[in-house]
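This briefing goes through one protein chain by topic. Please keep the sequence and the structure in view while reading.

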Amino acid sequence: MKRKFYTLSLCFTLFSVCIASTHDRQKDIEDNYDHYSTNLRTKNYSMKNEKWYRTHTISFGGFGVGYSGLVENLGNLSVPDDAQFLRQEGKSINFKFYLIDYTYNFHPNWGVATGLELEYNNFRFEENMTIIRDPQSGYIIPDYSYTERGIILKKSKLVTGYLNIPLLLKLRWGNDNKWYLQGGFVGGWRIHAHTKIKASDKQLNGKFKNHKNLNLRNFHYGYNLGFGYKYYGIYASYYPQSIFKTDFGPSVQQVNIGLSLKFGK
């Protein structure tokens, strides 16, 4: 009887050990599977995330400073004969503020870039006058009344502001693709314009602005070219239409060239 009891006890113990061992092994398999699945999901997410960042490049912020010029066209980098009053000083400054810069990279070395930028132009005139709209013809003409009254203007300029959207082909090369060359089209909506004069005279003292009746186009479009290294660059823009509406002002086109600094790739 005792022998049977010991035999049954031994069998039961061995059976319990086998069951426990099988359970532990199954648990190890499940743990390993969960760990593998987690790693696989993390790896897939990391690969997708890395691919997204390889394909898309976004940066925010930056600015440019350069020269704003008015010309007849690229073949004649001076104002036309009927617009000599629009000749400018060297202090005609262009400002650019890069709000968003986005590039879709089709290849590590090239892609298509676009974004959003603010552009301000200061066309500072050489002559002692400002511009006004003729009340009879509606055409933009010079106002020499200050000269006739013997008033010397310290400053006279036309200021324009645009919200631009470029569409550019962007090429990159060199160590870590830090060099770039980009070119394409740019279009923008005019969001601001005024003339400004400054005088310090007994007859006229202070700063005076005019925001009305300037006959400027509401939209402009043109070409943009840029070259640079990492954050630093050179830009040039040309708009092949007059800044004034057709038949309501001299035919003068806008050109810009300057230096830029962007806070991103």
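The points below cover the overall build, the cavities and the salt bridges. The model is predicted. The protein chain has 2 helices and 12 strands, and a search of the whole structure finds 2 cavities of 30 Å³ or more as well as 6 salt bridges.

**Overall build**

- Along the sequence, the helices and strands of the protein chain come in the pattern α-β-β-β-β-β-β-α-β-β-β-β-β-β.
- The protein chain has 265 residues, and 38% of them count as buried.
- Among contacts in the protein chain between residues at least 6 apart in sequence, 70% join residues at least 24 apart.
- The protein chain has an accessible surface of about 16600 Å², and carbon and sulfur atoms account for 60% of that surface.

**The largest cavity**

- The volume of the largest cavity is about 210 Å³.
- This cavity is lined by 20 residues, and the closest to its centre are Y98, E117, L168, Q182 and K262.
- Several strands supply at least two lining residues each, namely β3 (93-107), β4 (110-124), β7 (153-173), β8 (179-200), β10 (219-229), β11 (232-242) and β12 (253-262).
- Strand β4 gives the most to the lining, with 5 residues.
- By class, the lining of the largest cavity holds 10 nonpolar, 6 polar and 4 charged residues.

**The second largest cavity**

- The second largest cavity has a volume of about 40 Å³.
- Its lining is made up of Y162, R217, H220, Y239, Q241, I243 and Q254.
- These lining residues divide into 3 nonpolar, 3 polar and 1 charged.

**Salt bridges between strands**

- Side chains of opposite charge can pair when their charged atoms come close.
- K96 and E117 form a salt bridge, with their closest N and O atoms 3.1 Å apart.
- This pair links distant parts of the chain, since K96 is in strand β3 and E117 in strand β4, 21 residues apart.
- K96 counts as buried because its relative accessibility is 1%, under the 20% limit.
- E117 is also buried, with a relative accessible area of 5%, and E117 is one of the residues closest to the centre of the largest cavity.
- K262 and D101 form another salt bridge, in which the closest N and O atoms are 3.9 Å apart.
- K262 lies in strand β12 and D101 in strand β3, so this salt bridge ties together parts that are 161 residues apart in sequence.
- K262 counts as buried at 13% relative accessibility, and D101 counts as buried at 11%.
- Like E117, K262 is among the residues closest to the centre of the largest cavity.

**Salt bridges in loops**

- The side chains of E126 and R87 meet in a salt bridge, at 3.3 Å from N to O.
- E126 lies in the loop between β4 and β5 (130-133), and R87 in the loop between β2 (62-71) and β3, so the pair ties together parts that are 39 residues apart in sequence.
- E126 is partly exposed, because its relative accessible area of 43% falls between the 20% and 50% limits.
- R87 also counts as partly exposed, at 32% relative accessibility.
- R87, E126 and E127 are joined into one network by salt bridges that share partners.

Conventions:
Residues numbered from 1 in each chain as written. Predicted model: local features only at pLDDT ≥ 70, side-chain atom pairs only at ≥ 80, totals over all residues. Heavy atoms only, no water. 1 Å grid on protein atoms, 1.4 Å probe; cavity = no way out; pocket = protein on both sides within 12 Å on 5 of 7 lines; lining within 4 Å. Points joined across faces, edges and corners; volume = space filled by probe spheres on them. Helix = DSSP H or I, 4+ residues; strand = E, 2+ residues; numbered from the N terminus. Nonpolar A, V, L, I, M, F, W, Y, C, P; charged D, E, K, R; others polar. Buried < 20%, exposed > 50% of the residue type's maximum accessible area, 1.4 Å probe, protein only. Contact = heavy atoms within 4.5 Å. Areas by Shrake-Rupley, 256 points an atom, 1.4 Å probe, with all protein chains shown as cover. Salt bridge = Lys/Arg side-chain N within 4 Å of Asp/Glu carboxyl O.
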